[in-house]
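Have the structure open as you read, and turn it whenever a new residue comes up. Let's walk through it together, one part at a time.

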Amino acid sequence: MAKITLDGQVYDVDAGENLLKTCLSLGLDLPYFCWHPALGSVGACRQCAVVQYKDASDSKGRLVMACMTPVTDGLRAELEAPEAREFRASVIEFLMTSHPHDCPVCEEGGECHLQDMTVMTGHTVRHYRGRKRTHRNQYLGPFLNHEMNRCIACYRCVRYYRDYAGGQDLDVFAIRNDVYFGRFEDGVLENEFSGNLAEVCPTGVFTDKTFSAHYVRKWDLRYAPSVCAHCAVGCNTSPGERLGVLRRIINRYHGEVNGYFLCDRGRFGYGFVNGEERIRQPSLRGEPVSIEAAVAHLAGLASGRTIGIGSPRASLEANFALRALVGAENFYAGLSRAEAELVAAILDVLRRWPIRLPTVREVERADAVLVLGEDATSTAPRLALALRQAVRNQALELAQELKIPGWLDAAVREAAQGAKSPLFLASPAATRLDEVAEAVYRGAPEDIARLGFAVAHCLSPEAPGVPDLAGEDARLAETIAAALASARRPLIVSGTGCQSLEIIQAAANVALALAKRNPERSAPADAPDQSPPSAGLTETMKPVDLCYLVPECNTLGLALMDGRSVGDVFAAVQEGAADTVVVLENDLYRRADAVAVDHFLGQVKHLAVIEHTFNATAEQAELLLPSGTFAETEGTLVSLEGRAQRFYSVMPPAGEARDNWRWPAA
Amino acid sequence: MDKPLTRNIKPDLAPVTLAEYRRSGGYEGLKKAVTAMAPAEAVATVKEANLRGRGGAGFPTGVKWSLVPQAAGQKYVVVNADEMEPGTFKDRLLMEGDPHQLIEGIAIAAYAIGADTAYIFLRGEYTLAARRLEQALQEARDASLLGRNILGAEFHLDIHLHTSAGRYICGEETALLNSLEGKRANPRTKPPYPQTSGLWGRPTVVNNVETVCNVPHILREGADWYRGLSRSQDAGTKLFGVSGRVKKPGLWELPMGTPIRELIEDCAGGMQEGYTLRGFLPGGASTDFLLPEHLDLAMDFDSLQRAGSRLGTGTMIVLDDATCPVRIVLNLERFFTQESCGWCTPCRDGLPWVVEILEGILAGRGRPEDLDRLEKLAWLMGPGHTFCALAPGAAEPLQSALKYFREDFERYLPVSPALSLRGEEHRVPLLEGERRAAGG
């Protein structure tokens, strides 16, 4: 703790942070551009100037940049000193010398950090009489606009894109007031997190191109707190709607999950909500019917021998409503047979083994990582971005030894150069994280599992060994084991990506073996008290962080309700247990092969489908009930870290569509 | 008068060979250091000699060396030979004329801080210096003065010559390090200083060429001798240059603290016939103007600082009465504007504004408030307000010209704004020297 005096007011704050962050946390208005909470301080824009005083007797003080000033006990500074105010207003005036006066037609207008800071500093009259420097813009692909004339050269874009997200194809070119932020040549930005540039940029250089297609001002949008439906990470989002059209999605800060950033799939993958393929009208055997008639028909169907098939992309509430309609014994989760097995195995491990599911933020803190069989960039992109940050922990530690605070971003990178915490990656094909991995293992799922078992055995002789492992692989296993064993916060990432039970088991074995190495650590209060899965497990083991990546936004939640697959449904119908099936937002053709589904549907007498977008299953429905997408309904999703998160409707479903849970609940 | 730095330099400026250098006592300082002194003693000697950096900032060299952590591990010596400031040409003489002096100095510095690798970061346009340094380095390697077990001691060193791709900002020591690493030549945050986190993140000492060239002599002759060379509290000799309308522009090695008058009137032979001294930039393009009334000041760090300017690189630019100070300032500011790295706002966006105003003033578009604006811009680009010293350096000639030569700015301002609105030409009053040249 530190006691500091700002404008005569005494505050108790954390020592060691930078003064800008401290001021902002205290709710004090101090303008800034180059600083970003996730990117740290570099001292480029010179906007956050305050006057700092040496001691009590110092009456003159000197101008310092708050973002570069560490908070120490006794620090005294004035944000409101006339010199500081004048300097800050002048810096804004500098930034505005070449900035176009195009706010009325700029898409950033109304949510522009530069506008806000300009108003905050009080710069109103322009004194510069010269010509403005101009730039040529680039085509950056379908997601982002590029309008370089608006650039104020805060360097956030390149620092985010290159340093944080690991992109290579965006850089700063040229010098002086001609610095240019773009690609070497026109082309689609390669990084899968490029969309964050629209939010990282404090003005309108990078803006959301998908939003441009149906642009409205920020204040004309209606927002609702939402959760991304595209993978199991559970990033928090703010979808914005106007006149029944979903216009865009922006990040909604959650300190333990997505922080400040989304992946491009989550940000830009909303077109289906406004899509032509949406189902807008209840229909019975292809003929439109009223809601009342549809509800009555569903009730009639459900009174017989009826099975309900749930959905890993529908909320707990919708699945529950369907289960309530058909009865628990007739409710099937509706995963594919393989997926159901994998998720069941994961749940079993999570329930009984000394394992802790880390949050995305905690993933960023890991200092040694083993990824077994997952291409996280594809299956849980935001988590892959977190793994990229985890790799930096070694650099942060090195910097700390040199007494360089972690937030002094450029200095940390210069001191530590390319130092990386160990990340080991075993996957069947190349992944985007290979470039930051200490070692990469390429192999079939079985080979990856064997590597995992070997690592576990290296960590604990009680874990079964892999006798016939090739020498090179055995050495790699030893290296991985040594890195995990010496780490303070080791992490294992695995999941259903390879469709391999062995990989899931191998990951669990590594975690258990790691846990066994630290029996002396006392168990935290939330340690599992279930019976140990194998001999030698003691109650004092500290749980080890293990992330299991599962495919869909509510896979884990659904699996907690029921574990039976579409294969089980097929068998039940085959045996004559039911002749009527109600499917909730689930395209069966994605869960089993087409022959099996066709055969199954041939046996079903009555098929009711609750769905928001046409698919092969919906097209065969006797009764088709239109539902809302994530943007038009509300509910709860359980993320891969076991976090139940509620999302809310930003607009009512168009036409005769209703909330997915409302149909079975009616 | 002893002139250690230039005593070997030949009148025809041909390079001193290794054999010649050794005959004059060359590499004796290194020998003394590596055979008879612990590294810490070498540091202490340089500290005691009170050698201050000759690149412009004047930081005590021994203190800089002593800030390098003692712990073993990779360390570097980097020589800043990116001499690129307008009007500065002192390091060039030392590198072209006596390259072994620099190499010996580097070796001693490396021994003192425990480095086994050194780099000379050379201005790209200095092709002759590059050739001569390469040649001298090869001579030194062939004579086992570089390489393994130098002079029989447990001391190894190799020196790499790196020629710059050509940016003024590379002369800023941390931008130099980034450039050497193959990165964009932007300055780095300080702290951490290069002594703890420098080249490739390792402890590094960055010294100017002239600074390093003093080191062999200090080691050989001792700290007392070195301090005794000076005429002021700043020790040693210094290369002083004079350019402008003097009779004999040039470069001389003189005791630190030599009065400015001796430099201009004795060494440079005074002003050319028909020209009068109006002022001078004592330490090069990025120092404040001084006036004839300052002629009796001593050329050393503290005297010039007290007078409101800086010793800088010690290479003076003289302003005569037929040269417009506004045009001089514009010329300098154009240079600094062009060389801004574009990192921090006051430099990147302030300098072009200065140029815009000065061009406007010279084109007859000036307004009275422009001078206040220039003053404010100079303040905004002042020390501590920017990320590195480039813009504060650029602000120095500007702010001092506004202070001392305000009437020269004002003479371009249209007397009445209505005049310029009507498109009538404003007649700019002539300078004293211009009038004379025009025969009036």
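We will visit the meeting of the two chains, then two domains of chain B, and finally the nonpolar cores.

Keep in mind that this is a predicted model. A good place to begin is where chain A and chain B touch. Chain A brings 39 residues to this contact, and chain B brings 41. Together the two chains bury about 3,300 Å² between them, and 59% of that area lies on carbon and sulfur atoms. Charged side chains take part too: the rule finds four salt bridges across the interface of chain A and chain B. You can look for the salt bridge between the side chains of A:R129 and B:D370, where N and O are 3.0 Å apart. The interface of the two chains also has 18 residue pairs in polar contact.

Which elements of chain A supply at least two residues each to the side that touches chain B? They are strand 4 (62-65), helix 2 (82-96), strand 7 (171-173) and helix 15 (409-416). Helix 2 of chain A gives the most to that side, with eight residues.

Now turn to chain B by itself. Its domain assignment gives domain 1 (18-228), domain 2 (237-320) and domain 3 (325-433). Let's focus on domain 2 and domain 3 of chain B, whose centres are 24 Å apart, taken over C-alpha atoms. Here 14 residues of domain 2 are in contact with 16 residues of domain 3. These two domains of chain B bury about 1,200 Å² between them, with 64% of it on carbon and sulfur atoms. On the domain 2 side, B:R278, B:D288 and B:F289 lose the most area to domain 3, together 46% of what that side buries.

Between domain 2 and domain 3 of chain B, the rule finds three salt bridges. Five residue pairs are in polar contact across this interface. Strand 7 (residues 277-281) of chain B provides the largest share of the domain 2 side that touches domain 3, namely three residues.

Last, look for the nonpolar cores. The largest has 146 residues, and A:L19, A:Y160, A:F181 and B:L374 touch the most other members. Helix 14 (residues 345-362) of chain B gives this core its largest share, nine residues. Try zooming in on A:Y160: leaving aside neighbours within four places in sequence, its contacts are A:L39, A:A165, A:F193, A:N196, A:L197, A:V200 and A:F261. Apart from this core lies another, of 93 residues, including A:A366, A:I448, A:I503 and A:C547.

Definitions and conventions
Residues numbered from 1 in each chain as written. Chains lettered and ligands numbered in written order. Predicted model: local features only at pLDDT ≥ 70, side-chain atom pairs only at ≥ 80, totals over all residues. Heavy atoms only, no water. Core = buried A, V, L, I, M, F, W, Y, C linked by side-chain atoms within 4.5 Å. Buried < 20%, exposed > 50% of the residue type's maximum accessible area, 1.4 Å probe, protein only. Helix = DSSP H or I, 4+ residues; strand = E, 2+ residues; numbered from the N terminus. Contact = heavy atoms within 4.5 Å. Domains from an automatic or database assignment. Buried area = accessible area lost by both parts, 1.4 Å probe. Polar contact = N/O pair within 3.5 Å; in protein donor to acceptor, adjacent residues only side chain to side chain.
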